[in-house]
Amino acid sequence: MERDSRQSRHKKKKKTKPGKLQTILSVVMAALFLFACLVFFAFRDEIDSSSLDSLLSTFNFRTTTTESEVFHFDPGQKNRYELCAGGLAVLSPERLAFYGNNGYEKYSRAVSYETPALTSSGNRIIAYDRTGEGAIIAGGGGIEREFDSPVFTATGNSRGQYVLVTKEPGYRATATVYNKKNNPTYTWRSSSYITAAGLSPSSTRLVTAGIRYEETMNTKLTFLDTGKEDPIEEIILTDTLVLAVYFPDNSRVCIISENCVYFYTDTGIPIGEYSLDQLPLLRFFPTSEVLLLQTGRHETGYYSKVIALGYDGNERGVLSFEEAPAALSAGGKFFSVLREGRLDRYVLPSTFTNDKQHEDLSAKGVIQQDDGSALLLYEDYARWAKWG
């Protein structure tokens, strides 16, 4: 009897031990926690408010998920618009305002800009005055940094890094590269007046275009490695004013001037060029697929055309207008034209075959998104187009 009693107690103890399933779950949870920590420390420099918002929305941790179809803002002919982090930034000469994806104003800042300019850099925007005031760096979460020194031009890449062109004593212009944390990582001090700059998606290449007044007005292109002091290459364009520098990828760059577009490798080796045949360049739209150029004999846009160029300098297609379009916009592989009471969307690269259409009689502008959606702009509000 005593032996049986000991065996019975031994069996009871076995029942009180944790089961194998519970042990396995504990090990798995510990491994997942360790993996999450490793991922965080490996990519902590890439994590910002927008990436956190995306993660929370994926797991439905957001308290508000409603997205508005309408953004209401103050009217103004000089307003500049940019979509950013799911919201809309509106810059006027007096005010920078950001509207969240619920359509309501999230934050604002008073400014005093004569010629307001607004550009995007990943999930943030850069607001500045082309006449040389300060600059504001902002994102979906609010104002990130303000610069008091004059900023004459600015540009960014898709990863959130950006370039500000300013002036320092002893130099005609200075181009400074900033990382996602708004800290300077590279500075190029130029003896020319920099009119345009471009930063590669990886931020390892910077190209500046600076005016040189000699017997004629020339532009010096400077190809830079942001990890080295000396230029990779310098090229002189005679009697040419450069309007923009754009990197479609990390290996190629296009230089947009008033009468010609030049295509180079990131080290300054020529790939091709495209002449506009003395037709004035009215507008241009760099996209991931092609470069779109609107040319015409009159600034009104009547009897103008849009030329699609590959980044090798070869023509891909032409879209002609007899009547001036109300607005044009491009993003990703999409191009939208607002005209004659409707919005037409085309897929790039293309021979401009219509893809989608939206009927609208009163919109004044449009912002095409990379994902195919388009925001229609009115006098004091904006709303998303509903494609037919």
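This is a dialogue between a first-year student and an author about a predicted model of a protein chain.

Reader: What does the model contain overall, in helices and strands?

Author: The chain has three helices and 32 strands. Of its 388 residues, 45% are buried. The accessible surface comes to about 21,300 Å², and carbon and sulfur atoms account for 50% of that area. Among contacts between residues at least 6 apart in sequence, 37% join residues at least 24 apart.

Reader: How confident is the predictor in the chain, in terms of mean pLDDT?

Author: The mean pLDDT is 85, and 82% of the residues reach 70 or more. Over residues 1-16, however, the pLDDT is below 50, and this stretch has zero contacts in the model beyond near neighbours in sequence. Residues 39-65 also have a pLDDT under 50, and for them the model has 13 contacts beyond four places in sequence.

Reader: Why is C84 called buried?

Author: A residue counts as buried when its relative accessible area is under 20%. C84 has a relative accessible area of 2%, so C84 is buried. The value for C254 is 0%, so C254 is buried by that cut-off as well.

Reader: How many disulfides does a search of the whole structure find?

Author: The search finds zero disulfides. A disulfide would require a pair of cysteine sulfur atoms within 2.5 Å.

Reader: How many aromatic pairs are there, and what makes the pair of F73 and Y81 tilted?

Author: The whole structure holds twelve aromatic pairs. In the pair of F73 and Y81, the centres are 5.3 Å apart and the planes meet at 55°. Ring centres must lie within 6.5 Å to pair, and planes under 30 degrees apart count as stacked, over 60 as edge-to-face and the rest as tilted. An angle of 55° falls in the remaining range, so the pair is tilted. F73 itself is buried, with a relative accessible area of 5%.

Reader: Why is the pair of F263 and Y311 called edge-to-face?

Author: The planes of F263 and Y311 stand at 70°, and edge-to-face begins over 60 degrees, so the name applies. The ring centres are 6.5 Å apart.

Reader: What parts of the chain does the pair of F263 and Y311 link?

Author: The pair links distant parts of the chain. F263 belongs to strand β20 (residues 260-265), while Y311 is in the loop between β24 (305-309) and β25 (315-320), 48 residues apart. F263 has a relative accessible area of 1% and is buried. Y311, at 5%, is buried too.

Reader: Which residues do ring pairs link into a cluster?

Author: The cluster consists of F285, F335, Y346 and F352, linked by ring pairs. Two members of this cluster, F285 and F335, are among the residues that S329 touches.

Reader: Where is S329, and how do you know whether S329 is buried or exposed?

Author: S329 is in strand β26 (residues 327-331). Its relative accessible area is 8%, which is under the 20% limit, so S329 is buried. Beyond four places in sequence, S329 touches F285, F334, F335, S336, V366, I367 and Q368. With Q368 there is a further detail: the backbone nitrogen of Q368 lies 2.8 Å from a polar atom of the side chain of S329.

Reader: What makes T174 buried, and which residues is T174 in contact with?

Author: T174 has a relative accessible area of 0%, which is under 20%, so T174 counts as buried. T174 is found in strand β12 (residues 173-178). Leaving aside neighbours within four places in sequence, its contacts are L164, V165, T166, E168, T187, W188 and R189.

Reader: Why are Q278 and E340 called exposed?

Author: Exposed means over 50% relative accessible area. Q278 is at 75%, so Q278 is exposed. E340 is at 60%, so E340 is exposed as well. Q278 sits in the loop between β21 (270-275) and β22 (281-286), and E340 in the loop between β27 (334-339) and β28. Although Q278 is not a glycine, its phi is positive, about 70°. E340, also not a glycine, has a positive phi of about 50°.

Reader: Which residues does a cis peptide bond join?

Author: The cis peptide bond joins L348 and P349, with omega about -10°. P349 lies in the loop between β28 (342-347) and β29 (354-359).

Terms used:
Residues are numbered from 1 along each chain as its sequence is written. This is a predicted model: local features need pLDDT of at least 70, side-chain atom pairs count only at pLDDT 80 or more; totals for chains, interfaces and linings use all residues. Side-chain values use heavy atoms; hydrogens and water are left out. Buried means under 20% relative accessible area, exposed over 50%, partly exposed in between (1.4 Å probe, protein chains only). Rings of Phe, Tyr and Trp (its six-membered ring) pair if their centres lie within 6.5 Å; planes under 30 degrees apart count as stacked, over 60 as edge-to-face and the rest as tilted. Helices (H or I, at least four residues) and strands (E, at least two) are DSSP runs, numbered from the N terminus. A polar contact is a pair of N or O atoms within 3.5 Å; within protein, one must be able to donate a hydrogen and the other to accept it, and residues adjacent in sequence count only if both atoms are side-chain atoms. Contact means heavy atoms within 4.5 Å. pLDDT is the predictor's confidence in each residue, from 0 to 100. Accessible areas come from the Shrake-Rupley method with a 1.4 Å probe; for residues, only the protein chains shown count as cover.
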